[in-house]
Amino acid sequence: MKKARIVGTGSYVPEKVLTNHDLEKFLDTSDEWITSRTGIRERHVAAEGENTSDLATEAARRAMDMAGIGAEEIDLILVGTITGDFPWPATACLVQDNLGACNAAAFDISAACSGFVFALDAGVNYIKAGAAQNVLVIGAEILTRVVDWEDRNTCVLFGDGAGAVVLQGQEGESGVLSTHLHSDGSYWELLYQAGFGTRIQPTEQGIKDRIPYLKMQGNEVFKMAVRSLSDVAVEALETNGFVSSDIDMFIPHQANRRILEATAKRLKLKDEQVYINVDRFGNTSGASIPLALDEANRAGKIAEGDLLLFDAFGGGFTWASALVRW
Ligand code: UT7
């Protein structure tokens, strides 16, 4: 059976950088608090008029360039996002239009910070089923437009960006070895954005009460994140007969440096096995793993035959892993 191999990676972040010191100017916070509690120093913020589909399209173009693949060769476009341009149509359709990928079906996957790994899983299974040969999998977000900029508990954490991979069906040892996905909807209220879905109608009072914006119970999310990220990583290793010392690069969702360090400790990973860039991008939700992957790839830090483990946790709750032989 063909494997789904990652043959190109790409990423894009908006130009504008917002540092912790910039936040100090309009928020009751400090660089010291943010850095010590989260490891975040700065994040990128989309410019006015710049939309999620724009970020996604640029990341996709870069991944396609690396893969040497034309738009008309793409069979499927999957975008993991919770901050699409519109409630509908899917951001994937807007990306398809931008790219001129006239032969591709396109749809979004909503699994919050796990969105990229959920989308990757779908792409892998289309390829394994013989239903697609070239799949563009993108994680793209503009979280800075849905956070409450009056809530210091949450707004300091997030940033904007996009990452993409081209998956291609190939024979051989390289490719995605396994994916594991989990969800538990009973935790939805610990991390969600209310509006405007069908439950909440846009009203002036609602906006004054800050109802439509992202809400999170950070402490609870923190504990569940560490446990779930560890469990689903172990599940991936055990399924494939590996141990954590076999991993060349562990690429977790970049939510908070303390979460990443606690997870790495539970998995007995050494510092040099763990890729961390949350300091420069903040939490970019579904974009964080492909953004980190592309950064590592372009820096020449990944060699053919390396074993990579992607590990994600997010609202829903959702959590997921993907083990990849490069
Ligand atoms: O992407 C997946 C989902 N998201 C996550 O994985 C995030 C998970 N949670 C976290 O990363 C952490 O819980 C936070 C970074 C959000 C918070 O860190 P914490 O160590 O759990 O802090 P805390 O919520 O217990 O807050 C401690 C104090 C509070 O003050 P009081 O009530 O003790 O006086 C907060 O009001 O820190 C205060 N605080 C701040 N102070 C300065 C909260 N945010 C800020 C801030 N600046 N930005």
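Here is a short conversation about the ligand site and the cysteines of this predicted model.

User: What makes the approach of Thr 29 to the ligand a polar contact?

Analyst: Happy to walk through that one! A polar side-chain atom of Thr 29 sits 2.6 Å from a nitrogen atom of the ligand. The cut-off for a pair of N or O atoms is 3.5 Å, so the pair qualifies. Arg 37 has a polar side-chain atom 2.9 Å from an oxygen atom of the ligand, and for Asn 256 the distance to a ligand oxygen atom is 2.7 Å. Overall, the protein covers 75% of the 960 Å² of accessible area that the ligand has on its own.

User: Which element gives the most to the shell around the ligand?

Analyst: That is α8, with four residues. The shell also draws at least three residues from each of domain 1 (3–173) and domain 2 (177–325). By type, its residues divide into 11 nonpolar, eight polar and four charged.

User: Why is Cys 93 not in a disulfide?

Analyst: Good one to check. The closest cysteine sulfur, in Cys 102, is 14 Å from that of Cys 93, while a disulfide needs the sulfur atoms within 2.5 Å, so this pair is too far for a bond. Cys 155 is in no disulfide either, with the nearest cysteine sulfur, that of Cys 113, 16 Å away. Searching the whole structure gives zero disulfides.

User: Why is Cys 155 called buried, and what is Cys 93 called?

Analyst: Cys 155 has 1% relative accessibility, and buried means under 20%, so the label fits. Cys 93 has a relative accessible area of 30%, which lies between 20% and 50%, so Cys 93 is partly exposed.

Note on methods: Residues are numbered from 1 along each chain as its sequence is written. This is a predicted model: local features need pLDDT of at least 70, side-chain atom pairs count only at pLDDT 80 or more; totals for chains, interfaces and linings use all residues. Side-chain values use heavy atoms; hydrogens and water are left out. A polar contact is a pair of N or O atoms within 3.5 Å; within protein, one must be able to donate a hydrogen and the other to accept it, and residues adjacent in sequence count only if both atoms are side-chain atoms. Accessible areas come from the Shrake-Rupley method with a 1.4 Å probe; for residues, only the protein chains shown count as cover. Helices (H or I, at least four residues) and strands (E, at least two) are DSSP runs, numbered from the N terminus. Ala, Val, Leu, Ile, Met, Phe, Trp, Tyr, Cys and Pro count as nonpolar, Asp, Glu, Lys and Arg as charged, and the others, Gly among them, as polar. Domain bounds come from an automatic or database domain assignment. Buried means under 20% relative accessible area, exposed over 50%, partly exposed in between (1.4 Å probe, protein chains only).
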